[in-house]
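Trainee: I've got this model open and would like to go through it residue by residue. Let's start with the core.

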Amino acid sequence: MNGIMTRLHWTDQPHKWHVNDREEIFVVLDGRVEMKYRIDGQETFDMLERVYVFYAYVSTQRVAHSIEQARILVMETADSN
(Lines give C-alpha, C1' and ligand atoms only; values in the text may rest on other atoms or scores of the structure.)
Protein backbone atom coordinates (compact mmCIF):
# COMPACT_ATOMS: atom_id res chain seq x y z
CA MET A 1 0.00 0.00 0.00
CA ASN A 2 2.04 2.92 -1.29
CA GLY A 3 5.20 1.84 0.54
CA ILE A 4 3.52 0.90 3.85
CA MET A 5 4.62 -2.36 5.46
CA THR A 6 2.29 -4.17 7.85
CA ARG A 7 3.61 -6.88 10.19
CA LEU A 8 1.87 -9.06 12.73
CA HIS A 9 3.94 -10.04 15.79
CA TRP A 10 3.21 -12.75 18.36
CA THR A 11 5.54 -12.06 21.26
CA ASP A 12 6.09 -12.39 24.97
CA GLN A 13 9.62 -10.97 24.86
CA PRO A 14 10.75 -7.38 25.39
CA HIS A 15 12.15 -5.46 22.45
CA LYS A 16 15.25 -3.23 22.62
CA TRP A 17 15.23 0.55 23.00
CA HIS A 18 15.28 2.06 19.53
CA VAL A 19 14.45 5.14 17.47
CA ASN A 20 12.91 4.91 14.03
CA ASP A 21 13.46 7.46 11.30
CA ARG A 22 9.79 7.26 10.28
CA GLU A 23 6.41 7.18 11.97
CA GLU A 24 4.94 3.90 13.22
CA ILE A 25 1.54 2.73 14.37
CA PHE A 26 1.14 -0.13 16.86
CA VAL A 27 -2.21 -1.84 17.41
CA VAL A 28 -2.47 -4.40 20.22
CA LEU A 29 -4.83 -7.07 18.91
CA ASP A 30 -4.57 -9.31 21.96
CA GLY A 31 -2.67 -9.24 25.26
CA ARG A 32 -1.07 -6.28 27.03
CA VAL A 33 2.07 -4.33 26.22
CA GLU A 34 3.91 -1.73 28.29
CA MET A 35 5.20 0.89 25.82
CA LYS A 36 8.02 2.88 27.41
CA TYR A 37 9.21 6.04 25.71
CA ARG A 38 11.30 9.10 26.44
CA ILE A 39 10.26 12.71 26.02
CA ASP A 40 12.92 15.36 26.69
CA GLY A 41 14.98 12.72 28.53
CA GLN A 42 12.12 11.73 30.84
CA GLU A 43 10.98 8.11 30.68
CA THR A 44 7.25 7.44 30.77
CA PHE A 45 4.99 4.62 29.64
CA ASP A 46 1.53 3.69 28.42
CA MET A 47 -0.11 0.36 29.15
CA LEU A 48 -1.45 -0.79 25.80
CA GLU A 49 -4.51 -2.97 26.21
CA ARG A 50 -6.38 -4.91 23.53
CA VAL A 51 -7.35 -2.74 20.53
CA TYR A 52 -5.21 0.16 21.82
CA VAL A 53 -3.43 2.18 19.15
CA PHE A 54 -0.03 3.78 19.82
CA TYR A 55 1.34 6.33 17.37
CA ALA A 56 5.12 6.80 17.43
CA TYR A 57 6.33 10.08 15.98
CA VAL A 58 9.60 10.31 14.07
CA SER A 59 12.56 10.07 16.49
CA THR A 60 10.49 8.76 19.41
CA GLN A 61 12.83 6.68 21.56
CA ARG A 62 10.83 3.69 22.77
CA VAL A 63 10.69 0.03 23.78
CA ALA A 64 7.77 -2.39 24.01
CA HIS A 65 7.53 -4.96 26.81
CA SER A 66 4.83 -7.60 26.53
CA ILE A 67 3.19 -8.27 29.90
CA GLU A 68 1.85 -11.55 28.56
CA GLN A 69 1.83 -13.07 25.10
CA ALA A 70 0.61 -10.35 22.78
CA ARG A 71 -0.39 -10.01 19.16
CA ILE A 72 0.67 -6.67 17.76
CA LEU A 73 0.01 -5.17 14.36
CA VAL A 74 2.80 -2.78 13.29
CA MET A 75 2.41 -0.39 10.36
CA GLU A 76 5.37 1.59 9.05
CA THR A 77 6.98 2.62 5.79
CA ALA A 78 8.79 -0.25 4.10
CA ASP A 79 12.14 1.58 4.16
CA SER A 80 11.96 2.55 7.86
CA ASN A 81 14.99 1.95 10.09
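**Contacts, sheet and rings**

Trainee: What does Arg62 touch?
Mentor: Leaving out residues up to four places away in sequence, Arg62 touches Lys16, Trp17, His18, Asn20, Glu24, Phe26, Met35, Lys36, Tyr37, Phe54 and Ala56. Contact means heavy atoms within 4.5 Å.

Trainee: What should I know about the numbers before I use them?
Mentor: This is a predicted model, where local features need pLDDT of at least 70 and side-chain atom pairs pLDDT 80 or more, while totals for chains, interfaces and linings use all residues. Residues are numbered from 1 along each chain as its sequence is written, and side-chain values use heavy atoms, with hydrogens and water left out.

Trainee: Fine. Where is Arg62, then?
Mentor: In strand 7, residues 61-66. Strands are DSSP E runs of at least two residues, numbered from the N terminus.

Trainee: Buried or exposed?
Mentor: Arg62 counts as buried because its relative accessibility is 1%. The cut-offs are under 20% for buried and over 50% for exposed, with partly exposed in between, using a 1.4 Å probe on protein chains only.

Trainee: Which side chains does the Arg62 side chain make polar contacts with?
Mentor: One is Asn20, at 3.0 Å. Another is Glu24, at 2.9 Å. A polar contact is a pair of N or O atoms within 3.5 Å, one able to donate a hydrogen and the other to accept it; residues adjacent in sequence count only if both atoms are side-chain atoms.

Trainee: New topic. What order do the strands take in the open sheet?
Mentor: The order is 1-8-3-6, 4 strands with antiparallel pairing. Strand 1 (4-11) and strand 6 (53-56) are the edges, each paired on one side only. Pairing requires at least two DSSP bridges between the strands.

Trainee: How many bridges join strand 3 to strand 6?
Mentor: 4, with strand 3 covering residues 24-30. One of the partnerships involves Val27, whose bridge partner in strand 6 is Val53.

Trainee: Any odd backbone angles?
Mentor: Val51 has a positive phi of about 70 degrees although it is not a glycine. Val51 sits in the loop between strand 5 (42-48) and strand 6, and it is exposed at 58% relative accessible area. Ser59 also has a positive phi, near 70 degrees, and lies in the loop between strand 6 and strand 7. Ser59 is exposed too, at 52%.

Trainee: How many aromatic pairs are there?
Mentor: The count is 3. In Tyr37 and Phe54, the ring centres are 5.6 Å apart and the planes are at 50 degrees, so the pair is tilted. Phe, Tyr and Trp rings (for Trp, the six-membered one) pair if their centres lie within 6.5 Å; planes under 30 degrees apart are stacked, over 60 edge-to-face, the rest tilted.

Trainee: Where do those two sit in the chain?
Mentor: Tyr37 is in strand 4 (residues 33-39) and Phe54 in strand 6, 17 residues apart. Both are buried. Ring pairs also bring in Phe26, giving a cluster of Phe26, Tyr37 and Phe54.

Trainee: What lies over the face of Trp17?
Mentor: Arg38, at 3.8 Å from the ring centre. The rule needs NZ of Lys or CZ of Arg within 6 Å of the centre and within 35 degrees of the ring normal.

Trainee: Last one: Glu34, buried or exposed?
Mentor: Buried, because its relative accessible area is 17%. Glu34 lies in strand 4. Apart from neighbours within four places in sequence, Glu34 is in contact with Phe45, Asp46, Met47, Val63, Ala64, His65 and Ile67.
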